[in-house]
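Subject: Structure for you to look at

Hello,

Please find the structure below. My notes on what was found in it follow.

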Amino acid sequence: MDGGAEMTPYEDGQLLTIGAFARASRLSPKALRLYDELGLLTPARVDPHSGYRHYAPAQLERARLVAWLRRLGMPLARIREVCELAPAVAAGTVAAYWAQVEADTAARRDLAAFLVDQLKRKDTDMTAPRTPLTMRCAALTDRGLVRPANQDAAYAGPRLLAVADGYGPRGGPAATAAIDALKVLEHQDPTAEDLPGALEEAARRAHRAAPSADEATGSTLTALLRSGSRLALLHIGDSRAYVLRDSGLFRITHDHSLVQSLIDEGRLTPEEAPAHPQRALLLRSLDADTEFTPDVQLLEARPGERYLLCTDGLTGVLPAETIQDVLTAADTPDQAVRELIRLAHEAGAPDNVACVVAEMTAA
């Protein structure tokens, strides 16, 4: 449809046909038609009879910027925003976008490494006999240096590990009640296949028992239940679980928070998250007014692995590298939890802190 002579007179100079403009801008005619339809790069003139598109040479700068941003993988809607900004502001927007891309790539790299490790383990688990395991563990909570009361709770037993972070006027009792609801599992011995169901049903009872209040109140909950070498993981909220293996430290939960959803959508960078005014807002939790929608999965543990369950009072002030160093260097789980809380204090401890560390050892 778009052809015609190579040049057409125009009051600001010579108009370029779509073919010539495509060659000069390194954008295909097909892309130019799409950008016209989206209002991203509108031709300077469209012949009313033939429909031929013509572009002004002055539009090349915007077209090349669009081409470069597309090469970065920036969505078209965001490119439109960048093109309307002043150069200095646009530069900051591009820098923020690329920082987000790098953060997303790092997160996917970590997830890919964890999945590769898991799949390799499944292959060897099918041929190698399972090693009987025991679990050494320790739990510790701390009020921190700012909060007037401690609303975090933690538990570490022979079969069960759990942390909970309460919020609202009855947050402390909500966190304690959530963990108490799971403690009955210490005296049961479900098969490995029944572990996730047993853990989820106990957590569901905790959810049904969550206190009602005029103000929002409830708790997060992250828990591991062990049977032999199998571990059931249940998670709801923004507390976290990590596993330290020979191949590194892996985060094995995903935050159910507004801030994490904004990061997932590319509207916020991980670096901006700690300063976000709604960083404490949860999308899922143990709350009488919300639906019970935990994440549940089954893991295979091996000797030498260390597991960390913690509230955001720890992860909000300590980077993953520091956490990995502590888990690697500590002689015992008790030493690890004490060192983690000591470092949280050094970092200001603006929130309550709860952490559980468990080490898997051959029986």
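Which residue in β14 does Ala-241 stand opposite? The partner in β14 is Leu-309. I come back to that pair below, after a few general points.

**The whole protein**

Please keep in mind that this is a predicted model. The protein has 11 helices and 15 strands. There are 363 residues, and 47% of them count as buried. Of the contacts between residues at least 6 apart in sequence, 65% join residues that are at least 24 apart. The accessible surface is about 18,000 Å², and carbon and sulfur atoms account for 54% of that surface.

**The open sheet**

Five strands make up an open sheet, and their order is β5-β15-β14-β11-β12. The pairing in this sheet is antiparallel. At the edges are β5 (133-142) and β12 (248-251), each of which pairs on one side only. On average, and ignoring direction, neighbouring strands of the sheet are turned by 15° against each other.

Start with β14 (306-310). Five of its five residues are buried, and the strand is mostly covered. In a regular strand, side chains alternate between the two faces of the sheet. In β14, Arg-306, Leu-308 and Cys-310 point one way, while Tyr-307 and Leu-309 point the other way. The residues on both sides are all buried.

β14 has a partner on either side in the order of the sheet. With β11 it pairs in the antiparallel sense over five bridges, and this is where Ala-241 stands opposite Leu-309. With β15, β14 is joined by five bridges, again antiparallel. Leu-309 has a bridge partner there too, namely Val-356 in β15.

Further along, β11 (residues 240-245) pairs with β12 over four bridges in the antiparallel sense. One pair to look for is Tyr-242 with its bridge partner Arg-251 in β12.

A helix lies across part of this sheet. Helix α10 (residues 320-329) crosses β11, β12, β14 and β15 (353-362). The helix runs at about 125° to β12.

**Strand β10 and its partners**

Strand β10 covers residues 230-236, and seven of its seven residues are buried. On one side are Arg-230, Ala-232, Leu-234 and Ile-236. On the other side are Leu-231, Leu-233 and His-235. Both faces of the strand are covered.

β10 pairs with two strands that you can find in the model. To β9 (residues 221-227) it is joined by seven bridges, and the two run antiparallel. In this pairing Thr-222 stands opposite His-235. β9 and β10 form a hairpin with two residues between them. Gly-228 is in the turn and has a positive phi of about 65°. With β13 (residues 295-300), β10 pairs over six bridges, also antiparallel. Here the bridge partner of Ala-232 is Leu-298 in β13.

**Cysteines and helix α4**

How many disulfides does the structure hold? The count is zero. A disulfide is a covalent bond between the sulfur atoms of two cysteines. For Cys-310, the closest cysteine sulfur is in Cys-355, 7.1 Å away, which is too far for a bond. Cys-310, which you met in β14, is buried because its relative accessible area is 0%.

Cys-83 counts as buried too, because its relative accessibility is 15% and the cut-off is under 20%. Cys-83 belongs to helix α4 (residues 76-83), where the buried residues are Leu-76, Ile-79, Val-82 and Cys-83. Seen down the axis of α4, these buried residues fall within an arc of 110°, so they line one face of the helix. An α-helix has 3.6 residues a turn, so residues three or four places apart point the same way.

**A buried aspartate**

Where is Asp-287 found? Asp-287 is in the loop between α8 (258-264) and β13. Is this residue buried or exposed? Asp-287 is buried, with a relative accessible area of 8%. Leaving aside neighbours within four places in sequence, its contacts are Tyr-167, His-207, Ala-210 and Thr-217. His-207 is 80 residues from Asp-287 in sequence, but the two are 6.3 Å apart in space, C-alpha to C-alpha.

Regards

Methods. Residues numbered from 1 in each chain as written. Predicted model: local features only at pLDDT ≥ 70, side-chain atom pairs only at ≥ 80, totals over all residues. Heavy atoms only, no water. Buried < 20%, exposed > 50% of the residue type's maximum accessible area, 1.4 Å probe, protein only. Pairing = 2+ DSSP bridges. Contact = heavy atoms within 4.5 Å. Areas by Shrake-Rupley, 256 points an atom, 1.4 Å probe, with all protein chains shown as cover. Disulfide = S-S within 2.5 Å. Axes fitted to C-alpha atoms, helices over the stretch in contact; angles between N-to-C directions. Arc of directions from axis to C-beta.
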